[in-house]
Amino acid sequence: MVADDHESMHTIVKQALNHVGFPNVKVADDGPTAMPMLKNGSFDFWVFDWNMAQRQDIDLLKAVRTDSSLYALQVLMKAAEAKKEQITEAAKSGINDYCIKPFNREKLNSKIENVFNKL
């Protein structure tokens, strides 16, 4: 699943996920849309943006990590922020990896593969 409020990012991330073996990618435009989709779907991987719809969605990540049905979901957060404090907060909240924008397809593919190589 991809959660991002920019349609262009939906396309970029979907293509990267397709490239590494995820052919059925669903998208959400924001965190409130993503959570019910995550709870009602059977997703292996979730890529989402730190900033969606004028707010930070780190709280959504925290909610996912406290939900026993979603706890094992692999998560890649992407963000324009490269501040150490934000990366640390995301890591403490349970991301599997962090991709800083801007990025190219190769960088995103590498991050996605890295998440699954750690399993």
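Select β6, helix α4 (residues 84–93) and β7 together in this predicted model, and you have a β-α-β unit that is right-handed. Hide the helix for a moment and keep the two strands: β6 and β7 pair in the parallel sense, over four bridges. To find one of these pairings, pick Ala 79, whose bridge partner in β7 is Ile 100.

Next, select helix α5, which comprises residues 105–117. Its 13 residues should span 18 Å at 1.5 Å a residue, and its end C-alpha atoms are indeed 18 Å apart, so the expected and computed values agree. At the N-terminal end of α5, show the side chain of Asn 104, which caps the helix with a side-chain oxygen that lies 3.2 Å from the backbone nitrogen of Glu 106.

Now colour the buried residues of α5, namely Leu 108, Asn 109, Lys 111, Ile 112 and Val 115. If you look down the axis of α5, these buried residues fall within an arc of 160 degrees, and they therefore line one face of the helix. Among the elements that cover them, display α1 (7–19), β3 (45–49), β6 (74–79) and β7 (97–100), which brings the strands selected at the start back into view. On the face of α5 turned away from this buried side, select Glu 106 and Asn 117, which are exposed.

Finish at Lys 107, also in α5, which counts as partly exposed because its relative accessibility is 42%, a value between the cut-offs of 20% and 50%. From the C-alpha atom of Lys 107, draw a distance to that of Ala 16: the separation is 9.6 Å, although the two residues are 91 residues apart along the chain.

Conventions:
Residues numbered from 1 in each chain as written. Predicted model: local features only at pLDDT ≥ 70, side-chain atom pairs only at ≥ 80, totals over all residues. Heavy atoms only, no water. Buried < 20%, exposed > 50% of the residue type's maximum accessible area, 1.4 Å probe, protein only. Expected span 1.5 Å × (residues − 1). Arc of directions from axis to C-beta. Contact = heavy atoms within 4.5 Å. Polar contact = N/O pair within 3.5 Å; in protein donor to acceptor, adjacent residues only side chain to side chain. Pairing = 2+ DSSP bridges. Right-handed = clockwise from strand over helix to strand, strands pointing away.
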